Amino acid sequence: MLWPFIFVSLKRERCYNKKYIWCLVNKLSKVVIYCYEDGSRGRDALKHILGDSQVKSLQLDGYNVYMYLDDHMVDIEHLCCMAHARAKFKYALEQGNDKDVAFILKLIGELYKLEREYEEGKLSSGQIRLCRNNLKTKAIIIKLRSKLDVLLSDDHPLRGDLMEKGISYMNTWGTQLFAYLNDGSYSIDNSIAERFIRPLAGERKNSLFFGSDRMTRVSAVYHTIISTCKMQGVSVLDYFKRFFSEIVKGRRDYEHLLPLTIGLD
C-alpha cells in the first residue's frame with residue numbers, strides 16, 4: 001500500500017482551514033482510493049481508513065507518526081520513499097557543486113537503473129526479489145552506507161543545511177528506505193501514488209477551496225472512480241455508461257459495480 005496526502009483549503013464562514021485528502025494505492029489490486037477523514041492526516045485517520053484490512057506493508061515519506069501503527073496492527077512492514085531521499089540530495093546539489101552529493105545521487109541513480117531493468121524485463125516478483133539481493137545491488141548499498149558513515153563522522157567538515165537534511169533523512173530512515181529489497185512486489189518509492197495525487201492538485205489550484213466537508217468527500221469519491229479506472233485500464237466513459245445502465249435496471253449491489261468488478265475488459 002502506497003500513499004501520500006495533499007492539503008486542500010476548506011472555506012467555512014469566511015474562514016479558510018487547512019485540511020488533508022489521502023490517496024492510497026494498492027498496486028497489486030490496481031485500486032486507487034481517495035479518503036477525506038474530516039481533513040485529518042493523523043494516525044487515527046489512517047487506522048480508520050484501513051479498518052480490518054490485512055495490510056502487509058505501508059509506504060510513507062518519513063512522516064513518523066505512522067510508524068507506531070504496529071501497536072494495533074500486526075506484521076506491517078514500513079517502507080520509505082527513495083524519491084524523497086533523492087530529492088533532498090538533488091536540492092543540495094543545486095545549492096552547491098558538492099562531490100559527495102553527486103556521488104550519493106550517482107549511487108541512487110544506479111539503484112533506479114536496476115529497477116527499470118526489472119520492469120522492462122517483465123520479471124516476476126520472485127525474480128525481482130532475487131535480483132535485488134544479488135551482489136551487484138549489495139555493492140551499491142555498501143558504497144552508499146560507507147559514504148554516509150564518512151559524512152556522519154565527527155571530524156567531517158561542516159556542510160550546507162540541505163545536505164544535512166538529506167544525510168539525516170537517509171540515516172534515520174535507512175532500514176525503511178531499503179525495505180523494498182525484502183519483496184519483489186514492493187516499490188522503491190511511492191511515485192505511483194504521487195502521480196495519482198496530481199489531478200487533485202490541479203483541481204485545488206483551479207477551484208482554490210472547497211465549500212464544505214460534504215463536497216470534499218464528493219471530490220474524493222470522484223477521483224477514486226476516475227483513478228481506479230485508469231489503474232484497471234478501462235475507459236472511464238464506458239464505466240459510467242455501464243454503471244448508470246445497471247442503476248436504471250434497479251441494481252444496488254455497489255460492491256459489484258466498481259471499475260474492477262462491473263465486468264469491463
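## Exercises on a pocket, a patch and two loops

Helices α3 (99-120), α4 (125-132) and α8 (191-207) each contribute at least two residues to the lining of the largest pocket, where helices (H or I, at least four residues) and strands (E, at least two) are DSSP runs numbered from the N terminus. The model is predicted, so that local features need pLDDT of at least 70 and side-chain atom pairs count only at pLDDT 80 or more, while totals for chains, interfaces and linings use all residues. Residues are numbered from 1 along each chain as its sequence is written, and side-chain values use heavy atoms, with hydrogens and water left out.

**Exercise 1.** Describe the largest pocket by its volume and its lining.

*Solution.* Start with the term: on a 1 Å grid over the protein atoms alone, a pocket is an open set of points where a 1.4 Å probe fits, with protein on both sides within 12 Å along at least five of seven lines, and lining residues have an atom within 4 Å of a point. The volume, meaning the space filled by probe spheres set on the points, is about 590 Å³. Of the 22 lining residues, the closest to the pocket centre are Lys27, Glu115, Glu119, Arg132 and Ser187. Next, sort the lining by class, which gives eight nonpolar, six polar and eight charged residues, with Asp, Glu, Lys and Arg counted as charged. Finally, the largest share of this lining, five residues, comes from α3.

**Exercise 2.** Find which residues make the nonpolar surface patch of about 320 Å², and place Tyr16 within the fold.

*Solution.* The patch is made by Tyr16, Leu208 and Phe209; such patches join nonpolar side chains within 5 Å, from residues with over 30% relative accessible area and no salt bridge. Tyr16 belongs to strand β2 (residues 15-26), and its relative accessible area of 48% makes it partly exposed, given that buried means under 20%, exposed over 50% and partly exposed in between (1.4 Å probe, protein chains only).

**Exercise 3.** Compare the settings of Lys30 and Lys122, beginning with the backbone angle phi.

*Solution.* Most residues other than glycine have a negative phi. Lys30, although not a glycine, has a positive phi of about 60°, and the phi of Lys122 is likewise positive, near 50°. Lys30 sits in the loop between β2 and β3 (31-35), whereas Lys122 sits in the loop between α3 and α4. As the last step, take accessibility: Lys30 is partly exposed at 41%, and Lys122 is exposed at 74%.

Conventions:
Patch = residues over 30% accessible without salt bridge, like charges linked within 9 Å, V, L, I, M, F, W, Y side chains within 5 Å. Areas by Shrake-Rupley, 256 points an atom, 1.4 Å probe, with all protein chains shown as cover. Salt bridge = Lys/Arg side-chain N within 4 Å of Asp/Glu carboxyl O.
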